[in-house]
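Hi everyone, thanks for coming. Today I'd like to walk you through one structure, starting with a sheet and then moving on to two pockets. Have a look at it first.

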Amino acid sequence: MLYGLMAYFDSAERLLEALRVLKERGYRRLEALTPNPVEGIEEVLEGDGRIPWIAFGLGVLGVGLGLFLQIYTTLDYPHNAGGKPLLGWPAFIPVTFELTILTITVGIFLFLLYMNGLPLAAHPAVKAKEYVRVLLDEYGVFVYATDPRFDLESTKALLRELGAEVEEVRRG
Amino acid sequence: MAHKEPHPDHDLIQGEWTEKTLVEKLLEPVEKPAPRPWKVVLAVGGALTLAWLYSLFVTFVKGLGTWGINQPVAWGFDIVHFVWWIGIGHAGTLISAILVLMRQNWRDSLNRVTEAMTLFAVLAAATYPLIHMGRPQLFYWVMPYPTHMALWPQYKSPLSWDVLAIMTYLTISTLFLYLGLIPDLALLRERSKGWRRRLYGWLSLGWTGNAVHWQRYRAVYVLLAGLATPVVISVHSVVSMDFAYGLVPGWHLTVFPPFFASGAIYSGFAMALTLIIPLRKWYRLEGVITERHLDWMAKVTLASGLGVAYIYLLEIFIAWYAGEPAEWAQQLWRMTGPYAPYYWAMMLINVVLLQTLWFPRFRKNLSWLFIFSILANVGMWLERFVIVVISLSHDFVPGNFHLYYPTWVDWTLFLGTIGFFLFGLSLFIRIFPPIAVAEMVHLFHRLRKH
């Protein structure tokens, strides 16, 4: 069974150019695979601006959790420590701060995995024989065979025209 | 093509490389047979770890009576070492986090090994409060959980802030280290066979290098760096408040948080130098950990060390100027009492010898830098000893004065954590690349191709 085509480009500029052309031709089910973050990729593939907002939300949650924990436990077991006020808020700052950071850190890490669809047991592009190249020094585009515009011969020709080495990725 | 000025950081990677040869080089510690010094370090570390386990066993079975702690020195070696280890951990997070935010390219060669250093240093540190409780199986009493006694932790106490600060620090530095490892794990997965392939496969979580994933990944990485930065400062500040909240002469100072934080950075960078200089030599990493890297690390050591030296002098001034008899007596006792050699050795290293780092001649002399980095750690150990033991042994009432004599269990616990630290780190660099491969290749790409 054919999973798709893996195209290897030798520079990030060629990759961006190829992605632009493929998008123009109406290809939708494709992935860019790169060894490093590529600048300018957001202009071609849609970027993701949610992360700062999610982190902010988690931060608010963390502040709430931290304050709730301390205020609730103090009221539940009132204890006069050195004559300090029962709800002496300056003393609550360190714990609130740490819990805020802890909530954001753990939360955003889990969100990152969720947004990226990880952990993933198997990915068709990894089945490519030369796959390791895109983790090293080359830039890959994986075009899924399920793409509506996919046609083995013409897609392969297009990718070659864009300057890629092309490999068919099949099961087995 | 028009003439281009070379990138200002061009010489951060020296020698002729391509991406492929650079990756081969950086993966050598993991993929090639280990050099002989690595085996020696592993064996020594392993032996000391066993001794550590034995002394822990003795502590748990016979109790804290096997330690040298007494009244009033109830905080003996274990708290000295707790603070010492936590401080050492700080350089790792600092190099990785603050330098990310400042876009300092030279961090890329250093961040992985120093983050691993942080992880093992914080683990070593965390064992001390745990065993100091005497009944470590009841450690969960510090957690907020509903008990049948309707008791909650006291959140106005710095000791309970400490629990949360250390746990947060351990969590964030572990996640940061792991996040940075994921792309390298994917590369190793594709390059290895057998159990290693399975291990890296599991740990890399199926990372493929998808460009959109990379974009989110960078966003989260920088965000975590931004969050780790204040945590580093807060952790050591909270540790210092464990002291500063008390009334003991020598502890009761508002300057403690910046004092502890700069000491932590100083000892952390010193420990990083102690580890990186031999690592660079044994694995022939001169091309990627250049003299420029070491020079900058020495400069940071100098800057943070000067902060420490300044506060030593300030402490003397404040004790005199405040005119509090117990405080001033404590200061004189440090300088002239039975512990005076420790105090003056600390002053010699952290104030006098430190000044050599002003001179490029000394900074560029790797033998001196290596020796000094070890001395700086000894100096910081002495500082923790001065703060914990000397302050406690001489409080308000002369009838209360009591010296502290560590036992063999105290010493074995200390040497044991050093062994555990070395053992853990040497295993780490055998399984995970000690230099962040993906980041170095990215840096190489930026320096040479743009």
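Before we begin, one term: two strands count as paired if DSSP finds at least two bridges between them. Please also keep in mind that what you see is a predicted model.

Let's start in chain A. What is the order of the strands in the open sheet of chain A? Reading across, the order is E2-E3-E1-E4, so to speak a row of 4 strands, and the pairing is antiparallel. Now look at the two ends of that row. Strand E2, residues 30-33, and strand E4, residues 165-170, of chain A are at the edges. Each of them has a single partner strand, so one side of each has no neighbour in the sheet. On average, neighbouring strands here are turned by 20 degrees against each other, if we ignore direction.

Next, the middle of the row. Strand E1 of chain A, residues 2-9, runs antiparallel to strand E3 of chain A, residues 139-144, and 6 bridges join the two. If you want one pair to find on screen, take Phe9(A): its bridge partner in E3(A) is Tyr139(A). Then there is a helix to add to the picture. Helix H1 of chain A, residues 12-24, packs on the sheet and touches E1, E2 and E3 of chain A. The direction of H1 makes about 20 degrees with that of E3(A).

Now for the pockets. The largest pocket holds about 930 Å³ of space. It is lined by 31 residues, and those closest to its centre are Pro129(B), Met133(B), Val142(B), Leu159(B) and Val163(B). Which helix gives the most to this lining? That is H5(B), with 7 residues. Helices H3, H4, H5 and H7 of chain B each supply at least two residues. By class, the lining has 23 nonpolar, 6 polar and 2 charged residues.

The second largest pocket has about 730 Å³ of space. Of its 28 lining residues, the closest to the centre are Pro37(A), Arg103(B), Arg218(B), Val222(B) and His442(B). The elements giving two or more residues are helix H2 (41-44) of chain A, along with H3, H5, H7 and H15 of chain B. Here H7(B) gives the most, with 7 residues. As for the classes, this lining has 13 nonpolar, 7 polar and 8 charged residues.

That's my tour. Thanks for listening!

Key. Residues numbered from 1 in each chain as written. Chains lettered and ligands numbered in written order. Predicted model: local features only at pLDDT ≥ 70, side-chain atom pairs only at ≥ 80, totals over all residues. Heavy atoms only, no water. Axes fitted to C-alpha atoms, helices over the stretch in contact; angles between N-to-C directions. Contact = heavy atoms within 4.5 Å. 1 Å grid on protein atoms, 1.4 Å probe; cavity = no way out; pocket = protein on both sides within 12 Å on 5 of 7 lines; lining within 4 Å. Points joined across faces, edges and corners; volume = space filled by probe spheres on them. Nonpolar A, V, L, I, M, F, W, Y, C, P; charged D, E, K, R; others polar.
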